[in-house]
Amino acid sequence: MTADASTAGSLRARSLASRTLPRTVLAGAAAGAVAVTLLLFAVTPLQGVADFLVAAAVLVVVSVTGLTLAVEGRRRAVDRLATSGALLALVLTLLPLGFTLGYTAYRGGKRLSADFLTHSMAGVGPLSPRGGIYHAIIGTLEQVLLASLIAVPVGLLVAIYVTEYGRNVFGTAIRFLVDVMTGIPSIVAGLFVLAFWVLALHKGFSGFAGSIALAILELPIVVRSAEEMIRLVPASLREASYALGVPKWKTILRIVLPTAATGITTGVMLAIARVTGETAPVLLVVGNNNFIHTNPFKGPQASLPLYVFQGAGSSSNLDVDRAWAAALTLILIVVVLYVAARLLTRRNSLVGR
Amino acid sequence: MTAVSTGTDAVPLREVRSSRRGDRVFSGLTLVCGALVFALLGAIAVFLIVKAMPALQHDKSSFWTTKIWEPDSTGHYGVASLVFGTVMSSLLALVMAVPVALGVAIYTVEYAPRRLGRMLGYLTDMLAAVPSVVYGLWGLFFLLPHLIGTQVFLNRWLGWIPIFAGAHGDVNTFSKSVFAASVILAIMILPIVAAISREVIRQVDPAQKEAALALGATRWEMLRTAVFPPSRPGITSAVMLGLGRALGETIAVALVIGNTFDISAKVLTPGGNTIAANIANRFGEAGGLGRSALIASGLVLFVITLLVNLIARYVIYRSGVQERSAAV
């Protein structure tokens, strides 16, 4: 402790009564722990990168906490331990994200090409390395578009009812049910459409059946984000409009919605990103198709997530490779939507972040 | 609220009437859409029940206690092992995901510099946006082989705990299992739990935190005394919502679980199944009764997730915490 009295931060280091460790000592302890781990792995039969990282992390935490306990006391030691825990949690969160995106980019990147994006699986034999996802992209785009055409207007109107008109028991009940709807598993939405559309109404498999299921999943997300944005519109804007004699419905359509438009668009894009990757409902009601089939209302259609799922379950390496490339395409679509939505948020004057 | 009809610039009476009609039409339209939400949830319940009835009536053994699933061949089927596997894998996933999610939420709000915190928020939300089929593909081809070492390790050193018991140390006996499914589920629900917890922790009154620090508390003591108590209901509901998501997750689990019908707490050994995964794996080959049986199992899943979600929402509403996140 006498050594750090001469450093620049000596005043802070000697805060009040307790003795504190300078950062250099802590960093040294951590480095020492890593060195000991290296030594351990060099002289004992221990091996493996993952094992090394785990062992090093444990030793670093133990040595830093132990040192703090010895010099600064129990309270500071517990505090350091908590900090290490939070940092560790951060690493454990980012690792799977990095590995998932990285490995998908690695495996998918090998197969992804313009040719892959612009060809369907029509006439591709079991041993042919050719073929692509054009038909699946068309299917997914149509299904998601149709789902959004249902979910977005209905969702907006529900949000308007809940925020502008439904200040009563009914409105509260709807809010609650929308919250409950966000928790419906996607496979249950698929089963519902199967029971209702395919089995009860005998409509058969089609892209549109998938759209209904996706719309059910998209609706609550749209309602909640739109509701939140509409609530952020200042009351003074509405009052100014009323004072000018504008009726309520026109105020909502001309003043409230345009003001909240950016935020609502963000919410819609996030909702679309969510349902684009939904596989379970599509698996149950869209059927499958290797050919380009542009009519979503009649006959089985292909879909990008379904393509990945079936490739994953295939015993052919060619199918698996194509599945990875399709997965990469899917991730790219979702990430582009996601980033665009985030960039849009920055321009949102209602959200002061 | 509508225009005043006196004064020089008065709006003509006809326009006032038409705007009133506009109001009525518009509010009626929104009301219809609101009622649609009611109708939709009702329809989901009704149609699932109607289409599940044949399977529930024609089951040659008890639907609730039978472990096998052979509706089209022998007519014996039941959800016992499926419900067990669903609950088991989801609870294990919670055990793994919740501490990490809370840690990262706390780090994002309390430790990270503001800019880094915001970026971490985006990143964890992005983790939630990755489609489940991609996690499934990744889990099947990347995680499963890399998990074997962990499974051998757990089995060798912690094998005396019943859930880690099983084939001793033989690497080849580890493959698709409840454990693998739980790890994938944990990765998938982590961002959801983290996102909601983050918003809950962010809402804690800064005055409380500053007071704790001013009294000489370390950062951990501040968290324990000023942050955790008020955020407990919000975090509880975040965990419940994560549980709901895990219970219903289909595709990723379908790809990494053993697809067998036994009730075994030995999570490391190959096997296991969940309601949702069973639907995804069996749907293609299912005939008339098979489909009905799958719908019946889906109905069970619907009820379970509905209960979990209702409890979560109830906790939120009672505590008055406003949770909001794009990830949910």
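## Two interfaces in one predicted model

Within chain A, seven residues of domain 1 are in contact with seven residues of domain 2. Keep in mind as you look around that this is a predicted model. The domain assignment places domain 1 of chain A at residues 2-109 and domain 2 of chain A at residues 134-348. If you take the C-alpha centre of each of these two domains of chain A, you will find the centres 44 Å apart.

How much area do domain 1 and domain 2 of chain A bury between them? The value is about 590 Å², with 77% of it on carbon and sulfur atoms. Three residues are worth picking out on the side of domain 1 of chain A: A:Thr104, A:Arg107 and A:Gly108 supply 70% of the area that this domain buries against domain 2 of chain A, more than any other three residues.

A:Arg107 deserves a second look. Its side chain meets that of A:Asp321 in a salt bridge, with an N to O distance of 3.6 Å. That distance falls within the 4 Å cut-off, so the pair counts as a salt bridge. The count of salt bridges between domain 1 and domain 2 of chain A is one. For residue pairs in polar contact, with both at pLDDT 80 or more, the count between these two domains of chain A is zero. Sorted by class, the side of domain 1 of chain A that touches domain 2 of chain A has three nonpolar, three polar and one charged residues.

Now turn to the interface of chain A and chain B. The size of an interface is often given as the accessible area lost when the parts come together. Here, the area buried between chain A and chain B is about 8,000 Å², and carbon and sulfur atoms give 78% of that. In terms of residues, 83 from chain A are in contact with 84 from chain B.

Which polar and charged links run across this interface? The rule finds two salt bridges between chain A and chain B. You can display one between the side chains of A:Arg342 and B:Asp125, where N to O is 3.3 Å. Ten residue pairs are in polar contact between chain A and chain B, counting pairs with both residues at pLDDT 80 or more.

To see where the chain A side comes from, follow helix H4 of chain A, residues 74-109: this helix gives the most to the side that touches chain B, with 20 residues. By class, the residues on that side of chain A divide into 63 nonpolar, nine polar and eleven charged.

How values were computed
Residues are numbered from 1 along each chain as its sequence is written. Chains are lettered from A and ligands numbered from 1 in the order in which they are written. Side-chain values use heavy atoms; hydrogens and water are left out. Contact means heavy atoms within 4.5 Å. Buried area is the accessible area (1.4 Å probe) that two parts lose on being put together, summed over both. A polar contact is a pair of N or O atoms within 3.5 Å; within protein, one must be able to donate a hydrogen and the other to accept it, and residues adjacent in sequence count only if both atoms are side-chain atoms. Helices (H or I, at least four residues) and strands (E, at least two) are DSSP runs, numbered from the N terminus. Ala, Val, Leu, Ile, Met, Phe, Trp, Tyr, Cys and Pro count as nonpolar, Asp, Glu, Lys and Arg as charged, and the others, Gly among them, as polar. Domain bounds come from an automatic or database domain assignment.
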